[in-house]
Structure formats: C-alpha cells, structure tokens
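Visitor: Please take one part of this model and look at it closely. I would like the local detail first, and then how it sits in the whole.

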Amino acid sequence: LQVSSFFGKLAGMKLVALNASYRGDAGHTRVLLDHLAAGASESGANFEIITLAKHKINRCLDCGKCHTPEHYLECVQAGKDEVAWIFEKMASADLLVYASPVYVFGISGLMKIFIDRFYSTSDIHQMRLTRSGLFFHHVGEAICAKPFVSLICCDNLDPEMPRNARQYFRAFASFMGAPHVGELIRTGGRLFAYGRDPQAVQRFPKIRDVYAAYRQAGRELAARGCISPATQRKANQEIIPVPFFGLLKHLKPFKRVMVAKAQEYFAG
C-alpha cells in the first residue's frame, strides 16, 4: 500500500523494462512488453524497453576489484561494454520490469549474466538484515532495490515449467529489499503463435483478454505503481478453451491426451 500511494503521487512516471529474450524484439517477450507499454503510455508514463540481446554485456569476472579502496563500487569492465549505460537507465527509473522467457527451467542466461553484474553496485563487506529479516550484505538501492515487475513466458502449459523463474524473482525481492509489485506469467505461447498470427489467436480467443489485461496492468503501474490482483489473474489466466482445464492438466491421463493433440496440432 505504501508503494501504491507513493507512485500515485508521481507525475510522468518512468518505467524501464529489460527484455532478456535471446530472440530480442522478435520474441513473445517483446510482444507482451509492448502491450504493457501501451497501457502505461496511455496513462502518461514513459515506458522504455531495453533489449539486452542488442547490447554488449560481459560476464562478471569475480575479480573483487570493485570492493577494494582503489575501485570501490566501480567495475573494471566499465567502458568495455554497455552495462554502465543500462545501469544509468535503471537508476533513473521509478519502476523496473524484468522480462524473460524460460530457458531450461529458469530465467535466460542473458538475464542472469546481466544481474550478476549487480555485484559491483553493492558492498559485500557490509552485512545487515534485509527488511524481510534475511542475512545479506549492502545493496546498491538505485539499481537493486527498485520496485519491479517480473514477466515470465514460456511455451509449456505445465505450471512446473516457470516455477524456478518465479522463485528466482521472489528470492531477489526478499534479499534485495525490492518491492515485487507484479508477477506476470504467460504460458502456451507457441499455441497461439505468440500473438503474431490472427488465425492462431482466433483458435484461442482468451488470449485477447490476456493482452487486454497486460494493457490494464500497464495503466495500473503508471497510476498506482503496482498491478492489482484481479488484473494479474486475468493476465495469467489459462487460454485453453476447455472447462476446468486448470484442474484437468494436473491429471496424467488428460496430459497424455494433450500431448497427442499437441503433436497433431504442430504437425499440421
């Protein structure tokens, strides 16, 4: 509630989204971000999407120099890639969106390599308790502790598929002290051609409601700094036009039927 009231007083709120899809702007992650951006822009917010695949992002070397007096909180790779520029964009934002497809049961390696570079923004020698009562070190609040939305997408329909990615951002919020103001999970992307094929969308009409919910989520982020539970449920709803699909998909016999149908669908 404090987060909502704080952002409600802001005019011209700035949101920065990090698109961590290897496919860059050609992936479903970008489609979802565009719907979110459309709603935010309608409500007067500035919404910028940074596609990580377009930028040079070196891995953290774990050299430890950013924790020495000579280079305190300064990465030795500054100027060798574009991470410092992205950090500046993040620091100037009121709210962040971490957007990633699921790769091998977790966030994309591109997102993880980028977040690893947060190491140079925090003093690991200053130990403290987080707001949630966890042992952790100092964090650079301008980067690490910003309110954020996690946006996770995948092709699979099984709720186990995005579980690790969801837990990653929940742990991130707890240790970084970053308010987790929205969790968007979109499964089944391949079924409706990632929203890019009108005929595929017609077969799964609920996806229109999902995209409308994303635009509403953008409006809510611009106005209140968080996504309401109702809008989040609509954005994360099942899109298969089968009654009680959410329950049926946990049953193995039904899953076997779905596998057979999927094979027929994609073969055709």
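Guide: Contact here means heavy atoms within 4.5 Å, and buried means under 20% relative accessible area. The model is predicted. With those terms set, the part to look at is helix H3 and a residue that touches it.

Helix H3 spans residues 83–91, and within it Val 83, Ile 86, Phe 87 and Met 90 are buried. These four cover an arc of only 105 degrees around the axis, so they lie on the same side of H3. The spacing fits a general rule: an α-helix has 3.6 residues a turn, so residues three or four places apart point the same way. The cover over the buried residues of H3 includes strand E1 (14–19), strand E2 (46–51) and strand E3 (95–101). Helices also take part, among them H4 and helix H5 (141–144).

Next comes Arg 117. This residue is found in the loop between helix H4 (109–116) and strand E4 (127–129). Among the residues in contact with Arg 117 are Val 83 and Phe 87, both of which are on the list of buried residues in H3. Leaving aside neighbours within four places in sequence, the other contacts of Arg 117 are Asn 58, Arg 59, Cys 60, Cys 75, Gln 77 and Asp 81. With Asn 58 there is also a polar contact: the side chain of Arg 117 reaches the backbone oxygen of Asn 58 at 2.8 Å. Arg 117 has 4% relative accessibility and therefore counts as buried.

Two cysteines appear among those contacts, which raises the matter of disulfides. The structure holds 0 disulfides; a pair of cysteine sulfur atoms would have to be within 2.5 Å. For Cys 63, the closest cysteine sulfur is in Cys 66, 6.1 Å away and so too far for a bond. Cys 154 is in a similar position, because its closest cysteine sulfur, in Cys 153, is 7.3 Å away, also too far. Their surroundings can be stated too: Cys 63 is partly exposed at a relative accessible area of 42%, whereas Cys 154 counts as buried at 9%.

As for the whole, the protein has 11 helices and 7 strands. Buried residues make up 47% of its 268 residues. Of the contacts with a separation of 6 or more, 74% are between residues 24 or more positions apart. The accessible surface comes to about 13,400 Å², and carbon and sulfur atoms account for 57% of that surface.

Note on methods. Residues are numbered from 1 along each chain as its sequence is written. This is a predicted model: local features need pLDDT of at least 70, side-chain atom pairs count only at pLDDT 80 or more; totals for chains, interfaces and linings use all residues. Side-chain values use heavy atoms; hydrogens and water are left out. Helices (H or I, at least four residues) and strands (E, at least two) are DSSP runs, numbered from the N terminus. Buried means under 20% relative accessible area, exposed over 50%, partly exposed in between (1.4 Å probe, protein chains only). A polar contact is a pair of N or O atoms within 3.5 Å; within protein, one must be able to donate a hydrogen and the other to accept it, and residues adjacent in sequence count only if both atoms are side-chain atoms. Accessible areas come from the Shrake-Rupley method with a 1.4 Å probe; for residues, only the protein chains shown count as cover. The arc is that of the directions from the helix axis to the C-beta atoms.
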